[in-house]
Structure formats: structure tokens, C-alpha cells
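Trainee: I should like to learn how features of a protein model are read. May we go through some of them in turn?

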Amino acid sequence: KAKRRMLGNIRFIGELYKQRMLTEKIMHECLIKLLGDIEQPEEESVECLCKLMTTIGKDIDHQRAKSHMDEYFTRMTEMSRN
């Protein structure tokens, strides 16, 4: 139940961004926080990261944010190897 609520909250945050009620800068901070520990990522953080990326991915992936997005995917790739 707590897990479902957590993922619901993440999706809600993503939907607020899509409605322009949260700024892109805030979303980048959320993504950075969720990327956290690459060596030993917490399962909940990874799940939330995936949920947030599927919710806001197409809106936040644009030319101005390319360097951020490239870094996120590099870090996610590193996480998947650990």
C-alpha cells in the first residue's frame, strides 16, 4: 500500500510539471535526487525514477536539456550494471 502511494505521489509530481505548475528546474532536482547512489541504488528510488521518467520524459527531453538527459541516462546505465 505504501509503495502504491509513493508511486502515485511521483506520478502526481510529474503531472503537476506537465500542467506547468512545477518548473523544469524542480524536476531536474527530483531526478538528480532519485539518481542518488549509483553504487547501491535503493529499489524504491529506481522505481520512482522510472515512474517519473515515463510520466515527464517526452516533456523534459528537449534540446536545451540534452546535456542533463544524457547525464541521467549515463547514470542509469551505470546503475543497471551494479
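Mentor: Let us begin with a term. Helices are DSSP runs of H or I with at least four residues, and they are numbered from the N terminus. Please keep in mind that the model is predicted.

Trainee: Where is Arg20 placed with respect to the helices?

Mentor: Arg20 belongs to the loop that lies between helix H1 (2–18) and H2. Its phi is near 65 degrees, which is a positive value in a residue other than glycine.

Trainee: Is Arg20 buried or exposed?

Mentor: A residue is called exposed when its relative accessible area is over 50%. Arg20 has 58% relative accessibility, and therefore counts as exposed.

Trainee: Which residues gather in the patch of negative charge on the surface?

Mentor: In such a patch, like charges are joined within 9 Å. Here the members are Asp37, Glu39, Glu42, Glu43, Glu44, Glu71 and Glu78. Two or more residues of the negative patch come from helix H3 (43–60), and likewise from helix H4 (66–81). Asp37 is found in the loop between helix H2 (24–35) and H3.

Trainee: Why is Asp37 described as partly exposed?

Mentor: Partly exposed covers the range between under 20%, which is buried, and over 50%, which is exposed. Asp37 has a relative accessible area of 44%, so the term partly exposed applies.

Trainee: With which residues is Val46 in contact, leaving aside its neighbours within four places in sequence?

Mentor: Contact means heavy atoms within 4.5 Å. Val46, in helix H3, is in contact with Pro41 and Met79. Val46 and Met79 are 33 residues apart along the chain, and 8.9 Å separates their C-alpha atoms. At 28% relative accessibility, Val46 is partly exposed.

Key
Residues numbered from 1 in each chain as written. Predicted model: local features only at pLDDT ≥ 70, side-chain atom pairs only at ≥ 80, totals over all residues. Heavy atoms only, no water. Patch = residues over 30% accessible without salt bridge, like charges linked within 9 Å, V, L, I, M, F, W, Y side chains within 5 Å. Areas by Shrake-Rupley, 256 points an atom, 1.4 Å probe, with all protein chains shown as cover. Salt bridge = Lys/Arg side-chain N within 4 Å of Asp/Glu carboxyl O. Lys, Arg positive; Asp, Glu negative; His and termini not counted. Charge placed at Lys NZ, Arg CZ, Asp CG, Glu CD. Buried < 20%, exposed > 50% of the residue type's maximum accessible area, 1.4 Å probe, protein only.
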